Each structure stands twice: as structure tokens, then as C-alpha cells.
Amino acid sequence: MKTLDGPTDHVVVVGAGLAGLSAALHLLGAGRAVTVVERGTRPGGRAGRVEHGGYRIDTGPTVLTMPDLVDEAFAAVGDTLADRLDLVPLHPAYRARFADGSALDVHTGADAMAAEVERFAGAREAYGYRRLRHWLEKLYAVQMRRFIDANFDSPLGLLHPDLVRLAALGGFGRLDARIGSFISDERLRRVFTFQALYAGVPPAKALAAYAVIAYMDTVAGVYFPRGGMHALPQAMADAAADAGADFRYGHDVSRLERSAGGTGDRITAVVTGRGEDQVRIPCDAVVLTPDLPVTYRLLGRPPHRPVPLRFSPSAVILHAGTDRTWPGLGHHTISFGRAWKGTFRELTHTGSLMSDPSLLITRPTATDPSLAPPGRHLHYILAPCPNTLVGPGVQEWADLGPRYRDSLLTELEHRGLDGLAAAVEEQCLVTPADWAAQGHAAGTPFSAAHTFAQTGPFRPRNLVRGTTNAVLAGCGTTPGVGVPTVLISGKLAAARVTGGVPRGRRR
């Protein structure tokens, strides 16, 4: 594994999101002095927090899986997840509601889920589910130790017996077809393939290897921190500060100072602010976690790729504080429309809004009522939409956003959430224009799509050519999008700095 050249005693981490916090904890555990520079006023990055009318709204991810990765970051500084966070396992992990009126509770326990599948679709499908679960477990074991929790120096790093094992498991086939070899009920297949949407590839075209995301969601368990998802980055920042990290909030990085009069290959300082407000922070190495366009602008040296990056679809999110809730909703509810394959064509090719939307509804107050005023409820409605390169541009969303919000509320009322629009007391609407304003390429928080040409060693590398002491972390680089993989990206970045093998790695 290649590591940074020269001294790395003091590392500046740019960005206090989950990737930056993970990197900071692992660097601190390896004995480095760490300064974390964050443009916001609190930690979290995408996993931020907005206080609105007495509601505490999480602005980023709503699903937490693989908490052992969080515990691993805490353990690097001698801390524990249990001492920092109160995690509540969600039972069920999800509730799936379908256009035909049927509903399925997604349990992560094998017996509970098999019983639910049998009730929902019969004994044959329950048997198929058990076979599918066994396959997912084997798939995860092969991928995690070699292809996810791994720094690649070149595509040659793929040449390992585990590649043969992955191929033998059917990992290079198509996701939808592989899931269909275990279960035939089309509704069930959606439950185990919809995750491909956030990887930016339709299930019919995605590699079967991406079913590892379904493993995380449907086997490993889904959790929720009391205090909301933002409690996770806050706890990580507290642990890092207690271990000696210096946090600089409200500091927006304006440039990276280089050796040899600004033309050298070493970054000698991170500079925040402009003019008289500039602050220079000397460093031996830097970890950059902003989205790729911001990072490459700071570096001044965008990578040369034979084909431009493709980006995942985006999302419109309506955060709604309401005076009531609906008994059919779980903590997480997936409301599927009748359309499926056509939906992915709209999101990734035609660039139109979903004509028959499938939506994720999260009700965090089902688990933690303190996130809303007494007697009130929070609902997050996530509607996937095309990114700004494929669909409506940034300027169009000023008018389109409110109209689309109204159509989503109307659609959900038709699906049984009667009186939803009238129940909304406080709201916060987020569109691709807002993601773009935060510096996210193509107006999507899901970054580069996980096509084969943008996965593993083919994804933008966390080492940057022409710079000897900078490393990247975050969802745009390896291993990719999602809370677990972003935490891993911070650990992998730290390993590039320290030269150590990240804890938990199996050779």
C-alpha cells in the first residue's frame, strides 16, 4: 500500500463530516496531531442538524447500519460507542408498502423475516429468502475484507483469490437477475434491489456485487441514535476533541499553500478565509473530504479521466413537522409506486421526475419523540429525482421545488396519509439546487455513481497525483456512497497517512 511521503506529524483534516471525523479518530489513535477545519458551525457535514420551530431536523442520512464501524473509530482513541451513543435497534428495520395495498415488515432477524415473507408471499418465497440471506452473508464476507475495506494502488489489486470467490458467487452478474434466482415475487425483489438507486445504477444493470448494500440494510441491522442521526457526528467530534483534536468551526478553506513558491508538490498549509480574515494553518499532511469538485479546485489539479464521471440521481427531501401521524408508518417506510423499471429510466436517462414515485418516508419521532415539540411528529419524505446534469437544472428548481412538494403531498394522501398537507405546521424543502449550493457535483448528495468503471480501483483514488502529502476521503472516493462506506473512507485515508493497516482488516 502506497503511503504519503515525508513527515506526517501534524495532519489537517478539511471537513468535519463523517469521513473527516473517522479519519481524525484513526489519525489520533496513530499518534498524529490533528486539526479539523470545518466551514459550518458544528460537525456533521451532510449529517447536519437544523432547528426549526421546535423541531430538530436531521439534514442528511436517516439510516444507520454497521455500527461496528463506528465503534472501530471510537476504539482508535480508546473510547467506545456504548459510552458515547444510545443506539436503538429498529424492529422492523423498514416497512414496505406496495401499490396493490399489501405491506411487508422487513426484519433483520432470519426467523422473523422468513415468517413475514411466508405470510406475505408463501412458503416457497420464505425458503428462497433463507437461501438469499445465506448468499448475502457470503457475498458480504468476500467483499468487505478485500474490495470495500481496502486501499487500491492499481487495478492489479483486484487480482486475489477473493476475486474468484466473488465471481463464483455470481457477483459480476446483474443484481435484479441474481436476486430473482432466489425469490420470484416482484414486490420482494424490490425490497432487496431498491438500494441500487442510491448507487446510481438501475437494478437491471447494477452488478450483483452491489447486493452487499442490501446485506447491510436487511441482515446486519438498522439502528437509530437517540437525539437523531446528528448525534453520531457530534459524538465522534466529542471523542476526537477529548483525544486532543483541535476543531476550527466557521473556517472555510480558501486555498492550499504549496512548497517551492506555490508550485511544489507538498502542501505546507491550509488557508481559511480571505483578505484580512485569512488564517494560515501549517501542516505536514492534509485529508480533504469536500465533494470532488471543491477538492479538485483546492488542489488545482483535476485528475485526467478518459471518460467524465457519471453522477448518481439526486433527491428532493421534504422535512415536515406535523400535528399528527399515521398508524401505517414505521420508523422507515418505503412507499412503492406501481412503476419500477420505468422509474429508473426517468431518473437516469430521460431526466424527468418520477411519474409514479417510490418514496422513503422516515418518522424519527417514532423512536425519539424529543425531536419534536410535545404531541408533534417529524416526517422526512425523500423522493429520488434526476441530478442537474440529466434533469432540471439548478435555476429550474426555484419554481419546480414548491410544485413538486405539493404533488408529493397529494400523492401520499392518495396512498393513505389522509390530511397530510393540512397537518404540516413546519417544513423545510431541499432540492438539487440546495445540494449544488453546498458544493455537490450535479446537485446530488450521492456523488459519483457506482458503475463498474467508477468502483473499487476505478473510482477516484484517495491519493492524488502531483501532490505527495494529500489524501481524499468521503463518498466521492473509495469505497463509495453510504454511511458505512464513508466511515471506511476516513479509515483508509488515515492508513495512507500513517502506513498502518486499518484495524479490523483481515488479510
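# Exercises on a predicted model

Strand S3 (residues 49–52) and strand S4 (residues 55–58) pair over four bridges in the antiparallel sense. The model behind these exercises is predicted.

## Exercise 1: a hairpin and its salt bridge

Work out how S3 and S4 are connected, which residue of S4 stands opposite histidine 52, and which side chain arginine 49 meets in a salt bridge.

Solution. Begin with the connection: S3 and S4 form a hairpin with two residues between them, and glycine 53, which sits in the turn, has a positive phi of about 60°. Next, follow the pairing, in which histidine 52 stands opposite tyrosine 55 in S4. Finally, turn to the side chains, where arginine 49 meets aspartate 58 in a salt bridge with an N to O distance of 3.4 Å. Arginine 49 and aspartate 58 are both buried.

## Exercise 2: the parallel sheet and its helices

Determine the strand order of the five-stranded open sheet, state which strands stand at its edges, and find which strands helix H1 touches.

Solution. The order of the five strands is S10-S2-S1-S14-S20, and their pairing is parallel. Strand S10 (246–249) and strand S20 (470–472) each have a single partner strand, so one side of each is left without a neighbour in the sheet, and these two strands stand at the edges. From one strand to the next, the twist averages 20°. One step of the order can be examined in detail: S2 and S10 pair in the parallel sense over four bridges, and in S10 arginine 248 is the bridge partner of valine 37. Helix H1 (residues 18–29) packs on this sheet and touches strand S1 (10–14), S2, S10 and strand S14 (285–288), while its direction makes about 165° with that of S2. A further helix, H13 (residues 292–299), lies across S14 and S20 and runs at about 170° to S20.

## Exercise 3: the surroundings of threonine 35

Decide whether threonine 35 is buried or exposed, and identify the side chain that a polar contact joins to the side chain of threonine 35.

Solution. First locate the residue, which lies in strand S2 (residues 33–38). Its relative accessibility is 5%, and because buried means under 20%, threonine 35 counts as buried. Then list its contacts: leaving out residues up to four places away in sequence, threonine 35 touches His10, Val11, Val12, Val13, Asp246, Arg248 and Ile281. With histidine 10 there is also a polar contact of 2.8 Å between the two side chains. A C-alpha comparison completes the picture, since threonine 35 and valine 14 are 21 residues apart in sequence and 8.5 Å apart in space.

## Exercise 4: salt bridges and sequence separation

Find how many salt bridges the structure holds, and establish which elements are tied together by arginine 95 and aspartate 105.

Solution. The structure holds 22 salt bridges. In one of them, arginine 95 is joined to aspartate 105, with the closest N and O atoms 2.7 Å apart. Arginine 95 lies in strand S7 (residues 94–97) and aspartate 105 in strand S8 (residues 103–106), so the pair ties together parts that are 10 residues apart in sequence. Both of these residues are buried. Another salt bridge joins arginine 415 and aspartate 356, whose closest N and O atoms are 3.4 Å apart. This pair links distant parts of the chain, 59 residues apart: arginine 415 is in the loop between helix H15 (397–414) and helix H16 (420–423), and aspartate 356 is in the loop between helix H14 (341–350) and strand S17 (359–362). Arginine 415 and aspartate 356 are likewise buried. Elsewhere, Glu72, Asp149 and Lys491 are linked in a network of salt bridges.

## Exercise 5: the nonpolar cores

Name the residues with the most contacts inside the largest nonpolar core, and state which helix gives the most to this core.

Solution. The largest nonpolar core has 139 residues, and Tyr94, Leu104, Trp135, Phe192, Met236 and Val287 have the most contacts inside it. Helix H5 (residues 123–148) gives the most to this core, with 11 residues. For tyrosine 94, neighbours within four places in sequence being left aside, the contacts include Val63, Leu104, Phe194, Val222 and Leu360. Apart from the largest core lies another of 19 residues, among them Val37, Val294, Tyr296 and Leu472.

Note on methods
Residues numbered from 1 in each chain as written. Predicted model: local features only at pLDDT ≥ 70, side-chain atom pairs only at ≥ 80, totals over all residues. Heavy atoms only, no water. Buried < 20%, exposed > 50% of the residue type's maximum accessible area, 1.4 Å probe, protein only. Contact = heavy atoms within 4.5 Å. Polar contact = N/O pair within 3.5 Å; in protein donor to acceptor, adjacent residues only side chain to side chain. Salt bridge = Lys/Arg side-chain N within 4 Å of Asp/Glu carboxyl O. Core = buried A, V, L, I, M, F, W, Y, C linked by side-chain atoms within 4.5 Å. Pairing = 2+ DSSP bridges. Axes fitted to C-alpha atoms, helices over the stretch in contact; angles between N-to-C directions.
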